[in-house]
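Please read the following points with the sequence and the coordinates open beside you. They are arranged so that each paragraph can be checked on its own.

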Amino acid sequence: MIANYIYFLFQHCIFSTYSYLEDYFICGLEVLQNDAGILEGLLKKTCPPVYRHLQKHKVEPLLYMTDWFLCAMTRTLPWETLLRVWDCFLAEGIRVVFKVALVILGASLNSHKVRKQCNGLCETLEVLRNPPENVLDED
């Protein structure tokens with residue numbers, strides 16, 4: 001009986017997550033564009049200095065978050081960290097990917113020194129595509 005319950009719970013987690021991710025690949029990437037706006041709004045609320053820096057250099061969310069969201073962080077996080085994130089992702093849904101994205105953004109660009117070195121779009125994207133190792137660590 002418990003095994004059946006666990007199976008159906010697991011099946012529910014997988015299908016609800018799959019259906020959300022599947023919508024990312026609809027022609028025009030409308031769901032991804034919508035989530036880019038949501039991420040930008042969350043960033044504005046949670047980390048205004050980073051938000052202002054991205055606005056100043058015209059770094060649109062789709063330029064850095066597409067890879068994170070379409071691949072569910074698989075190309076960004078090391079394996080051990082990815083497994084932990086996916087555990088949460090399967091239990092809580094897409095909000096976990098938003099939280100991880102905000103952590104990467106905040107930790108990568110929160111330092112005034114780093115933002116000062118990123119004096120353009122290309123430099124800023126380079127930092128976001130290669131976040132510091134301490135940010136990506138599983139602990």
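**Notes on the predicted model**

1. Setting aside residues up to four places away in sequence, methionine 73 touches Trp68, Leu82, Val97, Val100, Ala101 and Ile104. This contact list, like everything below, is read from a predicted model.

2. Methionine 73 also belongs to the largest nonpolar core, a set of 36 residues in which Leu39, Leu43, Leu54, Tyr64, Trp68, Phe69 and Met73 touch the most other members. At least two residues of this core are supplied by each of helix 2 (30-46), helix 3 (48-56), helix 4 (61-70), helix 5 (79-92), helix 6 (95-109), helix 8 and helix 9 (133-136). Which helix gives the largest share of the core? That share, nine residues, comes from helix 6.

3. As for the fold in general, the chain has nine helices and zero strands, so that, by the way helices and strands are assigned here, its pattern along the sequence reads α-α-α-α-α-α-α-α-α. Of the 139 residues in the chain, buried ones make up 37%. When contacts between residues at least 6 apart in sequence are considered, 68% of them join residues at least 24 apart. The accessible surface of the chain comes to about 8800 Å², and 60% of that surface belongs to carbon and sulfur atoms.

4. A search of the whole structure for aromatic pairs finds two. One of them is formed by phenylalanine 69 and phenylalanine 98, whose arrangement is edge-to-face, with 5.0 Å from centre to centre and 75° between the planes. Because phenylalanine 69 lies in helix 4 and phenylalanine 98 in helix 6, this pair ties together parts that are 29 residues apart in sequence. Both partners are buried: the relative accessible area is 0% for phenylalanine 69 and 8% for phenylalanine 98.

5. Threonine 124 deserves a separate look. This residue lies in helix 8, which spans residues 121-129, and is buried, with a relative accessible area of 0%. With which side chain does the side chain of threonine 124 make a polar contact? The partner is histidine 53, and the contact is 3.0 Å. Leaving aside neighbours within four places in sequence, threonine 124 is in contact with His53, Leu54, His57, Val59, Leu109 and Cys118. Among these, Leu54 is also one of the core residues that touch the most other members.

6. On the cysteines, the structure holds zero disulfides. For the chemistry at issue, a disulfide is a covalent bond between the sulfur atoms of two cysteines. Is cysteine 27 buried or exposed? Cysteine 27 is exposed, with a relative accessible area of 74%, whereas cysteine 118, one of the contacts of threonine 124, is buried, with a relative accessible area of 3%.

7. The last point concerns proline 48, whose place is in helix 3. Its relative accessible area is 32%, and because values between 20% and 50% count as partly exposed, proline 48 is described in that way. Although proline 48 and glycine 106 are 58 residues apart along the chain, their C-alpha atoms are separated by 9.6 Å.

Key. Residues are numbered from 1 along each chain as its sequence is written. This is a predicted model: local features need pLDDT of at least 70, side-chain atom pairs count only at pLDDT 80 or more; totals for chains, interfaces and linings use all residues. Side-chain values use heavy atoms; hydrogens and water are left out. Helices (H or I, at least four residues) and strands (E, at least two) are DSSP runs, numbered from the N terminus. Buried means under 20% relative accessible area, exposed over 50%, partly exposed in between (1.4 Å probe, protein chains only). A polar contact is a pair of N or O atoms within 3.5 Å; within protein, one must be able to donate a hydrogen and the other to accept it, and residues adjacent in sequence count only if both atoms are side-chain atoms. Contact means heavy atoms within 4.5 Å. A nonpolar core is a set of buried Ala, Val, Leu, Ile, Met, Phe, Trp, Tyr and Cys residues joined through side-chain atoms within 4.5 Å. Rings of Phe, Tyr and Trp (its six-membered ring) pair if their centres lie within 6.5 Å; planes under 30 degrees apart count as stacked, over 60 as edge-to-face and the rest as tilted. A disulfide is a pair of cysteine sulfur atoms within 2.5 Å. Accessible areas come from the Shrake-Rupley method with a 1.4 Å probe; for residues, only the protein chains shown count as cover.
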